[in-house]
Amino acid sequence: MRKALVAGNWKMNGSSDSNKHLLEGIIKESASFSSVDVALFPPSVYLQQVQEALVSTELAWGTQNLSQFEKGAYTGEISAPMLNDFGCSYVLIGHSERRCLYAEIGLDQLILDYIIAEKYAVAIQAGITPIICIGESPEEHEQGKTEEVIARLVDIVIAQNGVQALSQAVLAYEPVWAIGTGKSATPEWAQEVHSFMRERIYKHDPETAESIQILYGGSVKGDNAAPLFSMPDIDGGLIGGASLDADEFVKICQAAVSY
Ligand code: PGA
């Protein structure tokens, strides 16, 4: 039986004051979702604040990205050793908002998948669990390319690092058309894609396929979380907008309790 994981991606939101309020609201209710793994992803400048607030709780934290390099002249980047310094257990890798920014400077999606596989390896080596985000764009969705897009990244990650390394990772299916649009995928659609992802891994290693947590992300709210999480291959969610509201986020974590 896989444990559910709910991850709150704050993106570029928050302030010292609003974070304090949000953290207090989540911690206060955390006993009601103690059987669920919960992790928060603040902007990196607030890592210390989040670490201090969560260190004596069961809640985990991480960053929204990491560099594939260990150190050096990479302005604006953060490395795996820095994440270790702040006690991060998780890191988000390959979020579509990062992909879009990179694509603007002309990187091919295939090259990007290789970079994501490199970042994934760096995180694993540092003992940090990578949450690898995968999802099709609205155009790819319309063209029926969902499985192609997902298979490409899963295959590259497995080819570069071996399937066993996936047992230390989390996957997140995040259809780009559902992110921040209020238009979540239906539980049936998401289940179908999650099952495809698990099958793809199953061919290489049934045990890893059975144990890996696969999250759904894209307009998950308090009132649509339960039907999504009740699907057999959906093991929790990666939450953007709704993770900024303590009541809403708590509701989502509670929906994962009985999943
Ligand atoms: P959303 O974002 O919940 O605001 O749609 C999800 C994500 O980007 O991870």
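**The barrel**

Start with the strands: in this predicted model, eight of them form a closed barrel in the order E1-E2-E3-E4-E5-E6-E7-E8, with parallel pairing. Look at how each strand sits against the next one: neighbouring strands of this sheet are turned by 25° against each other on average, direction ignored.

**One pair of strands**

Now select residues 90–93, which are strand E4, together with residues 129–134, which are strand E5. The two run parallel and are joined by four bridges. Which residue of E5 stands opposite tyrosine 90? Show threonine 129 and you have found that partner.

**Helices against the strands**

Next, bring up residues 47–54. This is helix H2, and it lies across strand E2 (37–41) and strand E3 (60–63). Compare directions here: H2 runs at about 170° to E3.

Then move on to residues 146–161, helix H7. H7 lies across E5, the strand you have just visited, and across strand E6 (170–173). Its angle to E5 is about 150°.

**The largest pocket**

For the next stop, select Lys11, Met12, Gln64, Asn65 and Arg98. Of the 17 residues lining the largest pocket, these are the closest to its centre. The pocket holds about 440 Å³ of space. If you colour the lining by class, you should find six nonpolar, seven polar and four charged residues.

**Serine 96**

Now pick serine 96, which belongs to helix H4 (residues 96–104). Is serine 96 buried or exposed? Its relative accessibility is 10%, and buried means under 20%, so serine 96 counts as buried. Show Val176 and Ile179 as well: serine 96 is in contact with both, leaving aside its neighbours within four places in sequence.

**The cavity**

Keep Ser96 and Ile179 selected, since both also line the largest cavity. Add Gly94, His95, Arg99, Cys133, Ile134, Gly135 and Glu174 to complete that lining. Which elements give two or more residues to the lining? They are H4, where you found serine 96, and E5.

How many cavities of 30 Å³ or more does the structure hold? There is one, and the largest cavity has a volume of about 40 Å³. Colour this lining by class too, and it divides into three nonpolar, four polar and two charged residues.

Notes:
Residues numbered from 1 in each chain as written. Predicted model: local features only at pLDDT ≥ 70, side-chain atom pairs only at ≥ 80, totals over all residues. Heavy atoms only, no water. Pairing = 2+ DSSP bridges. Axes fitted to C-alpha atoms, helices over the stretch in contact; angles between N-to-C directions. Contact = heavy atoms within 4.5 Å. 1 Å grid on protein atoms, 1.4 Å probe; cavity = no way out; pocket = protein on both sides within 12 Å on 5 of 7 lines; lining within 4 Å. Points joined across faces, edges and corners; volume = space filled by probe spheres on them. Nonpolar A, V, L, I, M, F, W, Y, C, P; charged D, E, K, R; others polar. Buried < 20%, exposed > 50% of the residue type's maximum accessible area, 1.4 Å probe, protein only.
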